[in-house]
Amino acid sequence: MIIECTSCHSRYQYDEDRFERKPSKKIKCAKCGSVFEIFNPAFAKPAPPPVDIGDSTFASRREPRPTLSTPAPAKAKVPEATDISPIPRPDTGKRPAEPQLPEGKRVSLAVISGPDAGSVFRVDRPRVTIGRAGADITLNDSEASRQHAAIEVRESVVMVEDLGSTNGTLIDGDRIGHPTVLQDKAEFQVGATTLMLIVTEDA
């Protein structure tokens with residue numbers, strides 16, 4: 001189904017299975033930050049039966065009645081939305097096929113709470129792992145798994161992915177189940193550690 005932000009009218013593709021049999025859900029728009037409510041079409045009232053527009057003229061001629069039909073509008077291709085905030089940004093068609101660091105930009109992760117609070121780690125490769133041991137970014141966090149999460153950069157798009165950790169990777173308190181887009185200054189939680197994505201101009 002297609003959902004649309006009530007404030008900026010940005011449109012996204014939303015999988016109806018993610019309603020989890022709930023009549024509605026609240027979604028946060030990644031473009032303008034507005035929170036709006038979407039409704040499960042499974043709970044919508046059934047459409048009324050079509051009206052019979054029988055015409056005696058057609059009946060007398062023993063000709064089939066014309067059927068009134070409206071061609072279905074073509075479905076626009078829009079990006080898929082997730083249950084968690086933020087919703088991935090609309091696809092501009094410029095996303096590279098392979099992970100790639102943005103030219104002229106510096107991508108970093110700042111630890112804002114947890115055992116390593118105050119530390120800043122630079123993301124110097126298109127994909128880095130985060131964890132307690134054997135990871136590219138090592139945390140002194142006993143609640144983090146050895147290989148807990150990964151950050152993948154595709155030029156201007158940065159995504160975080162949970163690597164099957166024990167305690168999960170959280171965004172706004174929600175555990176993610178698939179790679180999720182992060183905006184600049186977005187926060188996510190790994191174990192007892194909260195990290196913030198920071199994208200700046202590379203001097």
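These legends accompany an overview and several close-up views of a predicted model.

**Figure 1. The whole protein chain, for orientation.** Before zooming in, it helps to meet the chain as a whole. The protein chain holds one helix and 15 strands. Of its 203 residues, 35% count as buried. The exposed surface comes to about 12600 Å², and carbon and sulfur atoms supply 50% of that area. Turning to contacts between residues at least 6 apart in sequence, 45% of them join residues at least 24 apart.

**Figure 2. The hairpin of β3 and β4.** Here we look at strand β3 (residues 24-28) and strand β4 (residues 35-39), which run antiparallel and are joined by five bridges. Six residues lie between the two strands of this hairpin. Within the turn, look for Gly-33, whose phi is positive at about 85 degrees. For a landmark along the paired strands, find Lys-26 of β3, which stands opposite Glu-37 in β4.

**Figure 3. The two faces of strand β3.** In a regular strand, side chains alternate between the two faces of the sheet. In β3, Lys-25 and Ile-27 make up the covered face. The uncovered face carries Ser-24, Lys-26 and Lys-28. Lys-26, the residue opposite Glu-37 in the previous view, therefore belongs to the uncovered face of β3.

**Figure 4. The open sheet of five strands.** Follow the strands across this sheet and you will meet them in the order β8-β7-β9-β10-β13, with mixed pairing. At the edges stand β8 and β13 (180-182); each has a single partner strand, so one side of each is left without a neighbour in the sheet.

**Figure 5. Pairing of β7 with β9.** This view moves in on one pair from the open sheet. Strand β7 (residues 127-131) and β9 run antiparallel, with four bridges joining them. One pair to pick out is Arg-127 and its bridge partner in β9, Glu-152.

**Figure 6. Ser-145 and its surroundings.** Our last stop is the loop between β8 (137-138) and β9 (149-154), where Ser-145 is found. Is Ser-145 buried or exposed? Its relative accessible area is 13%, and because buried means under 20%, Ser-145 counts as buried. Leaving aside neighbours within four places in sequence, Ser-145 is in contact with Gly-131, Arg-132, Ser-165 and Thr-166. With Thr-166 there is also a polar approach to look for: a polar atom of the Ser-145 side chain lies 3.1 Å from the backbone nitrogen of Thr-166.

Notes: Residues numbered from 1 in each chain as written. Predicted model: local features only at pLDDT ≥ 70, side-chain atom pairs only at ≥ 80, totals over all residues. Heavy atoms only, no water. Buried < 20%, exposed > 50% of the residue type's maximum accessible area, 1.4 Å probe, protein only. Polar contact = N/O pair within 3.5 Å; in protein donor to acceptor, adjacent residues only side chain to side chain. Contact = heavy atoms within 4.5 Å. Pairing = 2+ DSSP bridges. Areas by Shrake-Rupley, 256 points an atom, 1.4 Å probe, with all protein chains shown as cover.
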